[in-house]
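Here's a quick walk through the fold and its ligand site. Have the viewer open and follow along.

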Amino acid sequence: MAEEHGHEFILEIPEFEHLSYEVEEGIALVTLRRPEALNALSQDLLRELAEVAEVLAQDPEARVAIFTGEGKAFAAGADLKEIAAIKDPFMAREYALLGQQVFSEIAALPIPTIAAINGYALGGGLELALACDLRVAATGARLGLPEVGLGLIPGFGGTQRLPRLIGRGRALDLIFTGRHVTAEEALSMGLVNRVGEDALEEARKLAEKILKNAPIALALAKESVVRGEGLDLAEALEIEADLFGYAAATEDMKEGVRAFLEKRPPNFKGE
Ligand SMILES: C/C=C/C(=O)SCCNC(=O)CCNC(=O)[C@H](O)C(C)(C)COP(=O)(O)OP(=O)(O)OC[C@H]1O[C@@H](n2cnc3c(N)ncnc32)[C@H](O)[C@@H]1OP(=O)(O)O
């Protein structure tokens with residue numbers, strides 16, 4: 001996907017069918033584009049999300065990524081037509097593993113990611129939003145994990161990422177009832193970080209605030225949080241101290257501290 005020509009680094013962006021990818025002023029925008037099926041996550045769309053994650057990990061222009069959906073949904077879940085065609089538990093397991101793998105790649109991206117939840121985020125759609133670092137919802141958005149009403153369970157990370165984010169009790173409320181919550185309720189339970197009239201506009205505002213900060217420090221802060229999950233506190237604190245050491249060795253750290261002392265805004269270069 002990426003080639004070196006002399007010293008020039010050329011990133012080839014694949015042709016996508018079910019999503020679009022654009023980058024403007026440091027913000028990469030990934031838009032799911034299957035509005036006729038409320039952006040249901042078909043296997044083809046999941047594979048394109050894996051490809052876009054690979055692009056995001058390499059694109060030097062992409063400093064924050066926003067994921068959103070075209071039309072009235074962010075994503076209405078895994079594609080139920082494809083689920084209906086699953087013949088045995090082994091195929092179903094492979095299906096879950098595909099979604100989990102793609103969302104884990106998104107969760108591990110070295111840049112901050114934001115889900116701009118413009119409408120329905122249900123089942124696998126909410127699980128995609130959970131794989132992002134931050135979630136911003138439109139006032140009219142509806143979020144939920146309705147899988148048990150279909151005889152399924154959340155299988156793209158929902159049973160793991162949701163309790164880690166909002167706590168076991170609140171997560172099991174959503175998982176057992178399958179109910180749709182409003183953006184306001186999602187905000188009150190910590191499921192989303194912000195609510196606004198227009199999710200994308202609100203997400204862009206958030207991205208712009210993030211972009212004012214030092215890029216390497218952002219990557220290291222995320223790495224510290226991600227690597228610390230699942231470790232005991234002492235081990236996780238060691239990782240934090242190591243990464244603090246890396247951050248302190250950057251030119252941007254010198255610039256940030258100098259700018260503070262000189263009472264001016266910093267000019268970070270990502271070095
Ligand atoms: C591991 C992960 C597992 C999962 O994610 S399981 C799936 C979990 N998701 C769901 O159960 C949500 C399913 N969708 C719905 O409940 C409803 O939709 C909504 C409440 C989101 C919206 O309802 P309304 O406004 O009446 O729209 P509409 O006519 O139902 O949908 C428009 C078109 O979109 C298709 N569609 C919606 N969701 C899915 C889906 N998840 N998989 C495949 N297609 C979907 C429909 O069938 C229909 O299509 P047509 O116009 O051809 O009838």
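## The β3-β4 hairpin

Start with Y21, which sits opposite V30 in β4. Strands here are DSSP runs of E with at least two residues, helices are runs of H or I with at least four, and both are numbered from the N terminus. β3 and β4 run antiparallel and are joined by six bridges; two strands count as paired if DSSP finds at least two bridges between them. The two strands make a hairpin with two residues between them, and E25 in that turn has a positive phi of about 45°.

Before going on, some ground rules: residues are numbered from 1 along each chain as its sequence is written, and side-chain values use heavy atoms, with hydrogens and water left out. This is a predicted model, where local features need pLDDT of at least 70, side-chain atom pairs count only at pLDDT 80 or more, and totals for chains, interfaces and linings use all residues.

## The six-stranded sheet

The hairpin strands belong to an open sheet of six, ordered β3-β4-β5-β7-β9-β12, with mixed pairing. β3 (19–24) and β12 (194–196) are the edge strands with a single partner each, so one side of each has no neighbour in the sheet. On average, neighbouring strands are turned by 20° against each other, direction ignored; axes are lines fitted to C-alpha atoms, for helices over the stretch in contact, and angles run from 0 to 180 degrees between N-to-C directions.

Further in, β5 (residues 64–69) pairs with β7 (residues 113–117) in the parallel sense over three bridges. F67 has A115 as its bridge partner in β7. Helix α4 (residues 124–131) packs on this sheet, touching β4 (27–32), β7 and β9 (134–138), and its direction makes about 145° with that of β7. Contact means heavy atoms within 4.5 Å.

## The four-stranded sheet

There's another open sheet, with four strands in the order β6-β8-β10-β11 and mixed pairing. Its edges are β6 (73–75) and β11 (181–182), each with a single partner strand, so one side of each is left without a neighbour. β10 (residues 142–144) and β11 run antiparallel, joined by two bridges, and R142 stands opposite T182 in β11. α4 turns up here too, lying across β6, β8 and β10 at about 90° to β8.

## The ligand site

Which residues are closest to the ligand? They are K72, A76, A78, L80 and G124, out of 20 that surround the ligand; a residue qualifies if one of its heavy atoms lies within 4 Å. The shell divides into eleven nonpolar, four polar and five charged residues.

Now the polar contacts (pairs of N or O atoms within 3.5 Å). A backbone N or O atom of A76 is 2.9 Å from a ligand nitrogen. A78 puts a backbone N or O atom 2.8 Å from a ligand oxygen, and a polar backbone atom of G124 is 2.8 Å from an oxygen atom of the ligand. Taken alone, the ligand exposes 970 Å², of which the protein buries 64%; areas come from the Shrake-Rupley method with a 1.4 Å probe. β8 (120–122) and α4 are the elements that give two or more residues to the shell.

Technical notes:
Polar contact = N/O pair within 3.5 Å; in protein donor to acceptor, adjacent residues only side chain to side chain. Nonpolar A, V, L, I, M, F, W, Y, C, P; charged D, E, K, R; others polar.
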